[in-house]
Amino acid sequence: MTSRFVSNLFVLVAASFLLAARFAFGAPALRWLAFGVGGLVVLVVAGAFLARGRGPAQRGLDVVLALIGGWTVVSSLSFSGSVLLWLALLEAAAMAGLALIGLILHEAVMESAVTRWDPLLAPAAGWGDGVSQRQHAGVAGWER
Amino acid sequence: MRFRGPLADSYLGAVALVVFALIPYLALTSAITPLDPILAKDLGLSKQALQLTTGLANAAYAFGTVLAVQFAVHLRGRRMLILYATLFVIGSIVAAWAPTSGLFIAGRVLQGMCTSLMLIAAVPPLVIGWPASKMPWTGATMNMCVFGAVALGPVIGGVQAGAAAWRPLFWIIAGTGAVALLFAVLTFEDVGPQDHSAPWDWVAIVLAGGGCAAAFFGSAQLQTHSLTSLIVLAPLLVGVAMVVTLVIYQYTVRRPLMPVRQLSTTFPVAGIVVAMSAGAASVAVIELVQTALAAKDPTHTAMLFWPQFGGALVTAALFGALFRTRFIPVLVLCGTVLLSGGAAVLVGVASGPQMLVLVGSGLVGLGVGASVSPALFMAGFSVRSAQIQRVFALIELLRGVAAFMVAPILLHLALTVGATPAAGISTAMWVSLGIAAGGGALSLYIVLLGRARLQRPDLERWEGGDEPAWESPPLAAGIRGEATAPRLVREIG
């Protein structure tokens with residue numbers, strides 16, 4: 001698995017959890033959940049940012065995600081009541097959306113790379129074949 | 001025959017000059033808060049006017065760093081140092097005598113400006129003008145002057161406030177300034193200007209002067225206005241924008257006054273981030289504690305700050321001991337951790353036991369002592385020693401702006417945000433903790449992004465003037481030149 005995939009997947013899961021928690025819990029509990037999720041997103045994205053090979057598009061997404069994560073931490077401690085609930089919803093939706101974009105971009109780049117390496121492989125061959133070809137070519141090692 | 005002072009070859013004389021030149025004003029910056037009620041009563045100044053006076057004096061301090069570099073380029077440095085010391089003595093006498101509030105304000109502003117002028121004129125020669133074997137002592141002395149004085153300020157101010165007088169302290173400061181002037185004469189050795197052919201950088205001077213004045217004016221208005229009112233927000237934003245523009249301008253211009261481009265590498269940027277964040281957090285923490293304990297006996301409160309000074313002494317000695325080792329960046333990082341710990345302990349200062357102040361101020365003393373001045377050298381070691389004057393000027397400008405602008409904002413936050421003053425002070429202390437910890441984390445992150453490794457500073461090579469003391473990798477060197485998918489595919493194909 002690549003660092004792009006792992007970090008985007010983590011952010012997607014964490015943001016989806018916050019999104020669900022927005023409707024499941026009240027403001028006092030949501031405050032600390034938002035604080036935790038925001039902090040974790042910042043940590044994970046900052047850690048993943050240190051890896052080579054993420055590409056400019058993903059790095060742009062990383063910066064925006066880190067900013068939203070940081071803002072989530074600040075807003076969770078600064079606001080209360082319905083403002084907090086709505087902000088948590090928006091922040092979670094934004095983080096989930098960006099993570100989804102990151103995952104799609106990652107997949108598109110991987111597939112495009114395989115296709116460009118051997119156009120015959122991608123459309124015709126099965127998923128397993130594609131993976132084995134990538135491994136054979138060392139394409140899967142981009143992110144390391 | 002040219003005059004040459006009898007102590008021109010004395011290292012101790014040069015050290016004494018720096019100590020007596022820097023300590024008075026820097027100690028006063030943290031000593032003045034307990035004296036505010038006495039000053040207000042004696043001079044007929046409102047709280048707002050006092051805040052503005054302090055703000056303008058701090059703005060003059062920050063601006064003076066840039067002015068000093070410009071003067072050093074075109075004018076004879078040691079002669080100017082005597083002029084700065086003389087003006088400092090005059091400003092101090094005017095402030096101490098102060099028959100009117102106007103003269104007090106003028107004296108304070110002159111004190112602030114002359115201190116930074118003396119800092120930039122006197123400190124770099126002390127650092128690089130003596131054999132490398134003296135540098136650890138110089139580092140420890142710098143640490144004591146830059147932060148030790150600030151750490152001692154609350155003790156001095158509290159004791160003076162306990163005596164219900166302010167003029168004796170100001171006369172002592174004038175006397176200390178006179179001693180600095182004496183040492184400036186005794187160690188005098190005429191040197192020519194650095195570079196007559198260099199242009200006068202009026203853009204930089206206007207941006208620095210205007211930016212500092214506007215930003216500090218705005219933050220000083222917080223005493224009587226809300227953060228969102230026009231008289232606060234507009235100058236604050238304009239001031240910050242001008243200082244940011246100054247940095248960008250210095251990065252792009254062909255012959256800059258301050259070597260921003262050369263400092264745009266891993267270690268200097270990490271050092272500047274720590275100097276700014278630790279400076280801002282520490283000044284805010286000290287002022288918040290003083291505000292929280294304002295109702296108590298000032299002399300008793302002053303005694304609670306002794307551990308802070310003790311911490312500054314310990315870290316000054318530690319910095320001297322580690323000066324030649326690879327652990328300076330580690331010391332800087334530990335400093336931010338200790339400072340954050342101090343702020344965490346002091347969160348309950350307004351309602352908790354006074355033991356919190358003893359422990360918290362000790363941690364703050366250790367933390368700031370280990371971070372600010374070592375961070376200054378962390379940046380300085382990354383460029384040629386000939387640039388050290390300009391490096392110190394830039395960092396002191398940014399540290400001064402951060403430290404003296406953030407503190408009034410947090411103080412305002414403390415007095416307005418909570419249901420009670422204790423709750424407000426607690427919240428503002430958390431923000432200070434966030435600034436210190438965030439700065440430390442960001443600095444560590446910058447080092448990780450640059451894949452920088454710890455190195456021993458080669459002081460002898462640095463002293464030679466042509467090379468830095470250590471190699472600082474370009475910013476984000478660790479993730480630069482990364483392989484992209486198309487490129488890899490081309491390579492594979």
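This briefing walks through a few residues, two cysteines and one helix pair in chain B. The structure is a predicted model, so please read every value below as computed from that prediction. Two threonines, B:T176 in helix 6 and B:T336 in helix 12, give handy starting points for a look around.

**Around B:T176**

- You will find B:T176 in helix 6 of chain B, which spans residues 167–186.
- The relative accessible area of B:T176 is 19%, and since buried means under 20%, B:T176 counts as buried.
- Leaving aside residues up to four places away in sequence, B:T176 touches B:F20 and B:P24.
- B:T176 and B:V283 lie 107 residues apart along the sequence, and their C-alpha atoms are 23 Å apart in space.

**Cysteines and disulfides**

- A disulfide is a covalent bond between the sulfur atoms of two cysteines.
- Searching the whole structure turns up 0 disulfides over all chains.
- B:C114 takes part in no disulfide, and its nearest cysteine sulfur belongs to B:C212, 16 Å away.
- Looking from the other side, B:C212 is also in no disulfide, with the sulfur of B:C114 as its nearest cysteine sulfur at 16 Å.
- The cut-off for a disulfide is a pair of sulfur atoms within 2.5 Å, so the 16 Å between the sulfurs of B:C114 and B:C212 does not qualify.
- B:C114 is buried, with a relative accessible area of 1%.
- B:C212 is buried too, at 1% relative accessibility.

**Helix 12 and helix 13**

- Helix 12 of chain B covers residues 328–345, and helix 13 of chain B covers residues 355–380.
- The axes of these two helices come within 7 Å and cross at roughly 150°.
- Because angles over 145 degrees count as roughly antiparallel, helix 12 of chain B is roughly antiparallel to helix 13 of chain B.
- The crossing of helix 12 of chain B with helix 13 of chain B is left-handed.
- Sorted by class, the residues in the contact between helix 12 and helix 13 of chain B are 17 nonpolar and 7 polar, with no charged ones.

**B:T336 within helix 12**

- B:T336 has its place in helix 12 of chain B.
- With a relative accessible area of 4%, B:T336 is buried.
- Not counting residues up to four places away in sequence, B:T336 touches B:V274, B:S371, B:A436 and B:G440.

Note on methods: Residues are numbered from 1 along each chain as its sequence is written. Chains are lettered from A and ligands numbered from 1 in the order in which they are written. This is a predicted model: local features need pLDDT of at least 70, side-chain atom pairs count only at pLDDT 80 or more; totals for chains, interfaces and linings use all residues. Side-chain values use heavy atoms; hydrogens and water are left out. Helices (H or I, at least four residues) and strands (E, at least two) are DSSP runs, numbered from the N terminus. Buried means under 20% relative accessible area, exposed over 50%, partly exposed in between (1.4 Å probe, protein chains only). Contact means heavy atoms within 4.5 Å. Axes are lines fitted to C-alpha atoms, for helices over the stretch in contact, and angles run from 0 to 180 degrees between N-to-C directions. Angles under 35 degrees count as roughly parallel, over 145 as roughly antiparallel, 65 to 115 as roughly perpendicular and the rest as oblique. A crossing is left-handed if the near helix is turned anticlockwise from the far one by less than a right angle, and right-handed if clockwise. Ala, Val, Leu, Ile, Met, Phe, Trp, Tyr, Cys and Pro count as nonpolar, Asp, Glu, Lys and Arg as charged, and the others, Gly among them, as polar.
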